[in-house]
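Work through the exercises below with the structure open. Each task is followed by a stepwise solution.

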Amino acid sequence: KNRRMILRVARHTNNLEIIENFYVNILGFERLGGFQKHNNYDGVFIGKPNENWHLEFTQTTEFVHHTFDEDDILVFYPNTNQEYELILEKIIKENIQFIAPKNPYWKENGKMILDPDGYRIIVSNLKINQ
């Protein structure tokens with residue numbers, strides 16, 4: 001059997017509702033599910049239906065201290081130029097600042113922003129196959 005591997009990127013946060021709003025309403029993903037009080041964790045799964053990946057964000061009473069560096073980035077490749085432009089419009093409407101990436105490649109091939117936890121996000125203007 002040739003099964004595709006599933007990828008889950010999991011991260012703890014102090015701001016579960018704010019993170020969910022950002023990834024769903026700004027970046028255009030969907031809430032795929034979630035849970036509450038599972039071993040004192042609340043969580044949400046975010047992504048696109050029928051894909052083999054999703055993001056999981058969790059929150060507890062523990063305060064999280066994130067330590068990302070400038071090259072720790074999630075890169076998203078919208079399927080169309082229209083989708084790319086729509087995401088940029090939402091970013092601008094919400095007064096989210098674009099920041100300069102350290103890697104010159106991303107200066108040419110996308111726009112960088114910070115999510116509410118300060119994690120770097122690239123919205124790429126390339127197709128994934130390029």
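**Exercise 1.** In this predicted model, compare the reach of helix α2 (residues 81–93) with its expected value, and find its buried side.

Solution.
- Step 1: α2 has 13 residues and spans 18 Å from first to last C-alpha, close to the 18 Å expected at 1.5 Å a residue.
- Step 2: Tyr-84, Ile-87, Leu-88 and Ile-91 are the buried residues to place. They cover an arc of only 100° around the axis, so they sit on the same side of α2.
- Step 3: An α-helix has 3.6 residues a turn, so residues three or four places apart point the same way.
- Step 4: The cover over these buried residues includes α1 (16–26), β6 (110–114) and β7 (120–124). Exposed Gln-82, Glu-89 and Lys-93 are on the face turned away from the buried side.

**Exercise 2.** Is His-54 in strand β4 (residues 53–59) buried or exposed?

Solution.
- Step 1: Buried means under 20% relative accessible area.
- Step 2: His-54 has 14% relative accessibility and therefore counts as buried.
- Step 3: Leaving out residues up to four places away in sequence, His-54 touches Leu-7, Arg-8, Val-9, Leu-32, Phe-45 and Ile-46.

**Exercise 3.** Which parts does the salt bridge between Arg-11 and Asp-117 tie together?

Solution.
- Step 1: The two side chains meet at 3.2 Å, N to O.
- Step 2: Arg-11 lies in strand β1 (residues 7–12) and Asp-117 in the loop between β6 and β7, so the pair joins parts 106 residues apart in sequence.
- Step 3: Both Arg-11 and Asp-117 are buried.
- Step 4: A network of salt bridges links Arg-11, Asp-115 and Asp-117.

Technical notes: Residues numbered from 1 in each chain as written. Predicted model: local features only at pLDDT ≥ 70, side-chain atom pairs only at ≥ 80, totals over all residues. Heavy atoms only, no water. Helix = DSSP H or I, 4+ residues; strand = E, 2+ residues; numbered from the N terminus. Expected span 1.5 Å × (residues − 1). Buried < 20%, exposed > 50% of the residue type's maximum accessible area, 1.4 Å probe, protein only. Arc of directions from axis to C-beta. Contact = heavy atoms within 4.5 Å. Salt bridge = Lys/Arg side-chain N within 4 Å of Asp/Glu carboxyl O.
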